[in-house]
Amino acid sequence: MSGDIAAPGSGGDGTLQVTLTACQPLAVGVTSEVGYVTESHPYVPGSVLRGALAAAWIAEYGPPDQCDPADAARFRLLFDSGVRYGPLLPAGSRRVPMSVYRCKYPRDLACRGFVDDRAFGSEPAEACPSCDGPLTPGKGALELPPGLRLTRTTRTSIDGRTGTAKDQELYARGALPVGTRLEGSIWPGPQPLPGWAVDWLTADRAVRVGGRRTVGGQAGYTAAVASTADPVVDTDRLVLRLTSPAVFVDAAGRPAPEPLPEVDLAGTGVTVTRRWVRTGTWSGWHAASHLPKPADLCAEAGSTYLLTGAPAALAAFGRRAVRYGLGLRRDEGFGVAKVCTEAWQPTVSGEEHPSGPTDLAKWVCELKLRDYELRWLLGVMRDVQGVCPEDQPVPQTVVKELLKQPTGAKLSGRQKDSISAALTTELTVQQLRDVITVVEHRRADYHVREGNR
């Protein structure tokens, strides 16, 4: 590993932008509940990302109590010393804040498009202006992009004596589908990350996420140092929203729904004037000790706080909240917050998230390519990435030349048309990364099937 040098960046604070692409269904289960269905979170919590990367480190260097002391110290720096792992949300998703009021029974596009964000409005609306119906507050729900839905797999136990399904033993589990692309951030904490840590965290790798990892959970991980800017505050008001649950306590350790003057706000010159909060409990599983984590009362993601104070004090507090988080258990992904400068708006009617993950996986399957053809397609996509702009569709002339290659020329007309259409009209070069992940996973499945014959 390289020496301990300051993390690179383009004027930022060393924040890493993370992308996770599902190669298998990701079952990120919620707290146990009564019934046969275990639902999945529609995103990857920061604690799950932290655990997945810790498992990858252990697989590479060994458990911290058994490996080289230098590697054990590096493990503690990455996972127990202030580095914060934020939640990974599906690309194109939006979380509805608690401060947002919308039509409770929307009848048309006008109703669905109406939003009253009371963290920014001076006079709250009393009813929907379109239908005069009642309003309902946001509950912090994550609105997924069009084309993305959680899948559900149902299984049953098998009676070893008869080889048939057992009575009253039916199980179902939700999961994010193959091809889902999730995005989030890793923050370095109080000190810049050393060079070796940046090198390790930004290396592309395969990780295992969530539960049922014997049949799912594999994902492709990429990260890069991002250029970040401090929030600009030039008024005596600041709106802060949680993007992950936060654990707040008072001076006696009792749970609280907001940052308190004697703890989080001490010495900042900042006051919480209004709050829009939902509380809930949050627990988890500590894989290293095989024990459950304590269940804490949290302010849920989407909780919103209106703070007042001098502009300089608000700017300093906002910068600290974004970089270092709020409340307790920040190393485990709690307390991630962002500064908002404008009212929340819903997704524009008709706005589509391009190339949904389910569509990508379905498209690759429907091509019905052999292994060597899949390998050729991977090469084609990587060639395209190297010669075309990130945010633009691929020029048709480039695709035509690629399809003239020996392997491409032997494809059927339907296969050629489908590849040409996807590369030139539907996918940008940036979105090709998701397709490449799906194709690589498809090839891996092919080899597994061939080896089992």
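Modeller: Two strands pair if DSSP finds at least two bridges between them. Keep that in mind as we go through this predicted model.

Colleague: Happy to! What makes S1 and S14 a pair, then?

Modeller: Strand S1 (residues 16-22) and strand S14 (residues 218-225) are joined by seven bridges, and they run antiparallel. At least two bridges are needed, so seven bridges make S1 and S14 a pair. One of the residues involved is Thr21, whose bridge partner in S14 is Gly220.

Colleague: And how do you know that S13 pairs with S14?

Modeller: By the bridges again: strand S13 (residues 205-208) has four bridges with S14, in the antiparallel sense. Here Ala206 has Gly220 in S14 as its bridge partner.

Colleague: Why are helices H1 and H2 called roughly antiparallel?

Modeller: The axes of H1 (residues 46-61) and H2 (residues 69-80) cross at roughly 170 degrees and come within 11 Å. Angles over 145 degrees count as roughly antiparallel, so H1 and H2 earn that name.

Colleague: Which residues meet there?

Modeller: On the H1 side they include Leu53, Trp57 and Ile58, and on the H2 side Phe75, Leu78 and Phe79 are among them. The residues of this contact divide into eight nonpolar, no polar and four charged.

Colleague: One last residue: why is Thr180 called buried?

Modeller: Thr180 lies in the loop between strand S11 (165-175) and strand S12 (181-187). Its relative accessibility is 1%; buried means under 20%, so Thr180 counts as buried.

Colleague: What does the side chain of Thr180 reach?

Modeller: The backbone oxygen of Pro177, at 2.7 Å.

Terms used
Residues numbered from 1 in each chain as written. Predicted model: local features only at pLDDT ≥ 70, side-chain atom pairs only at ≥ 80, totals over all residues. Heavy atoms only, no water. Helix = DSSP H or I, 4+ residues; strand = E, 2+ residues; numbered from the N terminus. Axes fitted to C-alpha atoms, helices over the stretch in contact; angles between N-to-C directions. Parallel < 35°, antiparallel > 145°, perpendicular 65-115°, else oblique. Contact = heavy atoms within 4.5 Å. Nonpolar A, V, L, I, M, F, W, Y, C, P; charged D, E, K, R; others polar. Buried < 20%, exposed > 50% of the residue type's maximum accessible area, 1.4 Å probe, protein only. Polar contact = N/O pair within 3.5 Å; in protein donor to acceptor, adjacent residues only side chain to side chain.
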